[in-house]
Every structure is written in C-alpha cells, then in structure tokens.
Amino acid sequence: MEQDTPPSRLLPTVRLKPKAEARAIRHGFPWVYADELVTDRRTSSLAPGALAVLEDGERRALGLVTVNVKSKIIARMLDRNEEAVINQAWFEARLSRALAMRARLYDQPFYRLVHAEADGLPGLIIDRFGDVAVIQPNAAWAEAHLAPLTAAVIAVTGVTTVVKNGTGRSRGLEGLSEEMAVLAGAADGPLPVPMNGATYMADVMGGQKTGLFFDQRPNHAFAARLAKGARVLDVFTHVGGFALAALANGADSALAVDASAPALALAGQGAEASGFADRFTTRQGDAFEVLEALAEAGESYDLVICDPPAFAPAKPALEAGLRAYERLARLAAHVVAPGGYLVLCSCSHAADLQAFRNASARGIGRGGRRAQLIHTGFAGPDHPMLPQLAESAYLKALVFRLDG
C-alpha cells in the first residue's frame, strides 16, 4: 500500500543562510546551492532525496524541497505548498497538467511528457511512445517515489507499458545505481515512431537515453525544408535523425554517419519502414575522421547536418568543448557544396547560444567559407524552458547557407 509523505510538521526543516537570496526562490527559481543552505549536523545526516521544508533566514516557509547534501545543488523545489503530500494524487495532478499541453500540441502520443524542473518534477524525465512510457528517475527523490509515480503515469495517460531507464551520469551524482527495468507491461523490440513524415525506430530498452530524441523534431522539420532534391549528409545521426526527415521531404539521397553500429541498424530499419531504403546509406566511424575522409575524396553535399553529443556538458569542459565545435564546423564546411546548407547543433548546457554561434562561425571561416546564418532553432515545445532556469534551454541549432 502506498505510504503518503508525512505532513510538514513531521518533516525536517532546512534553512537558507541569512545572506542567501530568498527572493529568487519565491519568484520561481527551483534550486538552492550548497553554499546558500545552513548545513548543520541534522541537515548533513539527511539521506539523498529526503524531503524537507525549506525556510528562509527568518524561518518563514518557502515550500517543500528534496535535499541531497552530496550535490552542489543541495535542494530542489517540489511544491510551493510546504503541506503538500507526495503521493499518487500529487503525481497525477502534475502529470495531467503536463499531458494537457502535449495533447494540444501533438496529434499522436509521441513526445516528451515530463521535462524535469520545467514541468515541476525536478530530475525526472518521461518520454511517451504511444502505449509505452519511459521514465528516467535521475534524482533520488523520484527513485524513492517510483511506485506512486508509475501508477500515476498509467492512470493519467492510459499507457500499458512503463519502462525505467536508470542510466546516466546524473544518477551517479545522486548516489543511484544504473538499472533498466520494465515496471509494467512488456517491452518487446524497437518501437516505430512517426515523426516529420518518416518512421523512426526507438529501442527503449537498449538505446541512448530513452531511445529517441524528441527535442530535435522542429529542427528536423526546418532542415527538411532545405532537402528537396538534395544530397544530404547527416553526421551523428543516431537512429536516422535529420536524414529520415530529409528523405521524407524529397531528398535525393542521405548518408547517415554514426559511431554506433546498433544506432545505424535502427536507422536502416527506419528507412526501410519509411520506404526510403533505396536512397539511404550508412557509414560507421568517428565523425571527425569520416568528415576528413569525405573531404579528401572530393565529396560534397547540398545539406550537411552535425548533431553531436554534448562537447561541453559542464563549465570545466567549456573551453575544450568550444574548440571541438569549432573543429567540427571547419571540417563540415569542407564538404558543403557551393550554395549549400550547414546545420550545426549543440546540446551542451555550459555553452550558451552566443558562445556556440561564435565557435561555429570561426570554424566555418577557418574552413575557407563565408556563411549567412538563416535560422536559429531550439528544442520543441514538449521540452519547455523554465524561464528562471537558463540551464533548461540547452539545445541550439544553427542553419547556415554557405557561399557559392
């Protein structure tokens, strides 16, 4: 039987230091950093993911938080009402609000249902693939409440299968082990996902993240507008990414490059399911090496897309990450046909839009090309941004037209 969280009077309290800025939290900022919180012996003894009532320096309640004293982000806001009870009904209310927006935006049930802090569920990701939901409980509090969360997902969405994807760097930071599990129903084989006129194959049990990246959907669509009659090169394609959307919009051919053989196999299955197999080819290898080899062979493409993993996932990696983005832009510029288009993407939290744009422009220039920036894209609306949290706007896509 589900156990409700005790009322606030039975929960521990944690308190901001007198000089900490409580106003930002009252106005919607969801995090408390370690140097802002009084960490006495009682607070330090709290288990990762414990619930507590957050107070300001004058002992006025600010809300209900989850605490992890091992993290630089020591507390995350769960509910402005410190009396809130974290049970199935609470999850159902949050999920219903999230679902209402997605149902308005999308005709079919394929989208990110919960985008962590932006949907009021810090450290929690849920992607929906029709009758299957994949939960990523990346925070200790979500792991501790997995049973009522799972029940709420089923009750609100009507899905029949729920998968737990317990992998990723953030779980380690929370003191959680890696684990894949089917929490309800059954998960059998890759799932077909219709998107932008193509069919993608999502491996929800063995693929990257939840099996598919919904965040690039609008950027796939924009690039596809440039693809009619074009030769397309899609680097870091994952399961077909930009390539399948381009083929759905009339590209003559698409070469998909990735280091992962399983990902390329899924991309090939997607091309087959979409009816594009005769125009779709793959090449396994390191992206930088493949771009160099294609340039040396004199190959050129009307549309080139590079959508790498995060080169700068955190501030210590920023300088090296920006150099990697610059190098990638330089190499990619060498294989863009005169008057062709180059799409460069970044999912690095630490690299803001201006820094990424500058690195990309430097790389294109070092590649001996001049460019016009014609479009800047971001994550789709099923990946909302919390206005008070810049980190929630992580994805950037730059579309350049290169000189003739």
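Axes here are lines fitted to C-alpha atoms, for helices over the stretch in contact, and angles run from 0 to 180 degrees between N-to-C directions. Keep that handy for the exercises below, and remember that this is a predicted model.

**Exercise 1. Work out how helix α3 packs against helix α5, and what kind of residues make the contact.**

Step 1: get the geometry. Helix α3 covers residues 88-105 and helix α5 covers residues 146-157; they pack at an angle of about 45°, with their axes 8 Å apart.

Step 2: name the arrangement. Angles under 35 degrees count as roughly parallel and 65 to 115 as roughly perpendicular, so the pair falls outside both bins and α3 is oblique to α5.

Step 3: add the handedness. The crossing of α3 past α5 is right-handed.

Step 4: list who touches whom. From α3 come Q88, F91, E92, L95, S96 and L99, and from α5 come P148, L149, A151, A152, V153, A155, V156 and T157.

Step 5: sort them by character. You end up with 10 nonpolar, 3 polar and 1 charged.

**Exercise 2. Lay out the sheet that holds β6 to β10, then place the two helices on it.**

Step 1: write down the strand order. The 5 strands run β6-β7-β8-β9-β10 in an open sheet, and the pairing is mixed.

Step 2: find the edges. These are β6 (110-115) and β10 (179-184), each of which pairs on one side only.

Step 3: check the turn between neighbours. On average, neighbouring strands are turned by 20° against each other, direction ignored.

Step 4: look at the β9 end. Strand β9 (residues 161-166) runs antiparallel to β10, and 5 bridges join the two. Across that pairing, V163 stands opposite V182 of β10.

Step 5: bring in the helices. α3 lies across β6 and β7, running at about 145° to β6. As for α5, this helix packs on the sheet and touches β6, β7, β8, β9 and β10, its direction making about 150° with that of β8.

**Exercise 3. Decide how covered β7 is, and track its partners on both sides.**

Step 1: count the burial. In β7 (124-129), 6 of its 6 residues are buried.

Step 2: split the strand by direction. In a regular strand the side chains alternate between the two faces of the sheet. Here L124, I126 and R128 point one way, while I125, D127 and F129 point the other way, and all are buried.

Step 3: go to β6. The two strands pair in the antiparallel sense over 5 bridges, with H115 opposite I125 of β7.

Step 4: go to β8. That pairing is antiparallel too, with 6 bridges, and I126 has I135 as its bridge partner in β8.

Step 5: close the hairpin. β7 and β8 have 2 residues between them, and G130 in the turn has a positive phi of about 65°.

**Exercise 4. R59 and A116 each have a positive phi without being a glycine; is each one buried or exposed?**

Step 1: take R59, whose phi is about 65°. R59 sits in the loop between β3 (50-55) and β4 (61-67).

Step 2: apply the cut-off. Exposed means over 50% relative accessible area, and R59 has 53%, so R59 counts as exposed.

Step 3: take A116, with a phi of about 50°, in the loop between β6 and β7.

Step 4: apply the other cut-off. Buried means under 20%, and A116 has 12%, so A116 counts as buried.

Methods
Residues numbered from 1 in each chain as written. Predicted model: local features only at pLDDT ≥ 70, side-chain atom pairs only at ≥ 80, totals over all residues. Heavy atoms only, no water. Helix = DSSP H or I, 4+ residues; strand = E, 2+ residues; numbered from the N terminus. Parallel < 35°, antiparallel > 145°, perpendicular 65-115°, else oblique. Left-handed = near helix turned anticlockwise from the far one by under 90°. Contact = heavy atoms within 4.5 Å. Nonpolar A, V, L, I, M, F, W, Y, C, P; charged D, E, K, R; others polar. Pairing = 2+ DSSP bridges. Buried < 20%, exposed > 50% of the residue type's maximum accessible area, 1.4 Å probe, protein only.
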